[in-house]
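Reader: I am new to this structure. Please take one part of it and walk me through that part closely.

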Amino acid sequence: MDAVVQRYALLLPTEDVMHATPRVVVVHRTPDVVGGLPVYEDPDGAVRAVIEHLGVARLLDTYSVPTEQPVTAVILP
């Protein structure tokens, strides 16, 4: 049986194109589900995402709809 991943680090693009370093946000699994996928959220609830497959996440908009641009997701212990 596969272990359920509880935490991911998401590498979010910055809005400043001159700043090359992405912003890293740690998200934790929530009981919510969108499109059959578990929802992960940062402690403030400002960033919500679903993990589509290993290494790829999609942020959720204010209506819990996945956005078009994928972001990198790294499993945390």
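Author: Here is a short overview, followed by a close look at one residue and the strands of the protein.

This is a predicted model. The protein has 77 residues, and 29% of them count as buried. Its secondary structure comes to 6 strands and 0 helices. Along the sequence, the pattern reads β-β-β-β-β-β. The accessible surface is about 5,300 Å². Carbon and sulfur atoms hold 58% of that surface. Now take the contacts between residues with a separation of 6 or more. Of these, 29% join residues 24 or more positions apart.

The part to look at closely is Thr72. Find Thr72 in strand β6, which spans residues 66-75. Is Thr72 buried or exposed? Neither label fits, because its relative accessibility is 39%, and the buried class ends under 20% while the exposed class begins over 50%. Thr72 therefore counts as partly exposed.

Next, look at what surrounds Thr72. Leave aside residues up to four places away in sequence. Thr72 then touches Ala9, Leu10, Leu11 and Gly55. Ala57 gives another reference point. Thr72 and Ala57 are 15 residues apart along the chain. Their C-alpha atoms are separated by 6.1 Å.

Step back along the chain from β6. The loop between β5 (56-60) and β6 holds Ser64. Ser64 has a positive phi, near 60°, and is not a glycine. Why is that worth a look? Most residues other than glycine have a negative phi. Ser64 is also partly exposed, because its relative accessible area is 27%, between the limits of 20% and 50% for that class.

Now turn to the start of the chain. Strand β1 covers residues 7-12, and strand β2 covers residues 23-34. These two strands run antiparallel and are joined by 6 bridges. One pair to find is Tyr8 and its bridge partner in β2, Val27.

Strand β2 also pairs with strand β3, residues 37-41. This pairing is antiparallel too, over 4 bridges. Here Val33 stands opposite Pro38 of β3. β2 and β3 form a hairpin, with 2 residues between them. Gly35 sits in the turn and has a positive phi of about 60°.

One last point helps when you follow any of these strands by eye. In a regular strand, side chains alternate between the two faces of the sheet.

Conventions. Residues numbered from 1 in each chain as written. Predicted model: local features only at pLDDT ≥ 70, side-chain atom pairs only at ≥ 80, totals over all residues. Heavy atoms only, no water. Pairing = 2+ DSSP bridges. Buried < 20%, exposed > 50% of the residue type's maximum accessible area, 1.4 Å probe, protein only. Contact = heavy atoms within 4.5 Å. Areas by Shrake-Rupley, 256 points an atom, 1.4 Å probe, with all protein chains shown as cover.
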